[in-house]
Amino acid sequence: MTSARIPVRTGPHPQADRMAVAGFVCGLLGALAFNIVLGPCALFFGAAALYRGTVRRLRAFLGLAFGVLDLVLLVVLSSRSGTLSWHL
């Protein structure tokens with residue numbers, strides 16, 4: 001038996017694909033905690049992945065959507081508690 005490497009299915013720009021996944025993960029985690037940091041990171045990674053021509057466009061758009069959700073959640077919950085940091 002020979003060991004054969006399984007090729008990774010990515011598009012012409014693998015860094016853009018990784019950025020799309022990073023934007024999605026940052027946005028998803030930012031909805032739970034640290035949304036003041038992870039929200040803008042999700043927006044940046046999602047926009048950069050779309051600009052660089054990622055194959056994973058849905059994940060990049062979800063990263064953008066979750067990034068906006070993180071910032072809206074931060075504004076709503078911090079205005080409700082009266083401070084920049086919030087807790088439930």
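**Exercise 1. Describe the order of elements along the chain.**

Solution. Start at the N terminus. The elements run α-α-α. Now count by type: the chain has three helices and zero strands. Keep in mind that this is a predicted model.

**Exercise 2. Find which residues make up the largest nonpolar core, and which helix gives the most to it.**

Solution. Step one: list the members. The core holds six residues, namely Met19, Ala20, Ala48, Ala49, Leu50 and Ala60. Step two: assign them to elements. Helix 1 (14-30) and helix 2 (35-51) each supply at least two residues. Step three: pick the main contributor. Helix 2 gives the most, with three residues. A general tendency fits here: in soluble globular proteins, nonpolar side chains tend to be buried together.

**Exercise 3. List what Met19 is in contact with, leaving aside neighbours within four places in sequence.**

Solution. Take the core residue Met19. Its partners are Phe44, Phe45, Ala48, Ala49 and Arg52. Check these against the core: Ala48 and Ala49 are members too.

**Exercise 4. Decide whether Ile36 is buried, partly exposed or exposed, and say why.**

Solution. First, locate Ile36: it lies in helix 2. Next, read its relative accessibility, 44%. Buried means under 20%, and exposed means over 50%. Ile36 falls in between, so it counts as partly exposed. Finally, look at its surroundings. Ile36 forms a nonpolar surface patch with Phe34, Val37 and Leu84. Together they have about 450 Å² of accessible area.

**Exercise 5. State how much of the chain is buried and how much area it exposes.**

Solution. Of the 88 residues, 28% are buried. The chain exposes about 6300 Å². Carbon and sulfur atoms supply 70% of that area.

Note on methods. Residues numbered from 1 in each chain as written. Predicted model: local features only at pLDDT ≥ 70, side-chain atom pairs only at ≥ 80, totals over all residues. Heavy atoms only, no water. Core = buried A, V, L, I, M, F, W, Y, C linked by side-chain atoms within 4.5 Å. Buried < 20%, exposed > 50% of the residue type's maximum accessible area, 1.4 Å probe, protein only. Helix = DSSP H or I, 4+ residues; strand = E, 2+ residues; numbered from the N terminus. Contact = heavy atoms within 4.5 Å. Patch = residues over 30% accessible without salt bridge, like charges linked within 9 Å, V, L, I, M, F, W, Y side chains within 5 Å. Areas by Shrake-Rupley, 256 points an atom, 1.4 Å probe, with all protein chains shown as cover. Salt bridge = Lys/Arg side-chain N within 4 Å of Asp/Glu carboxyl O.
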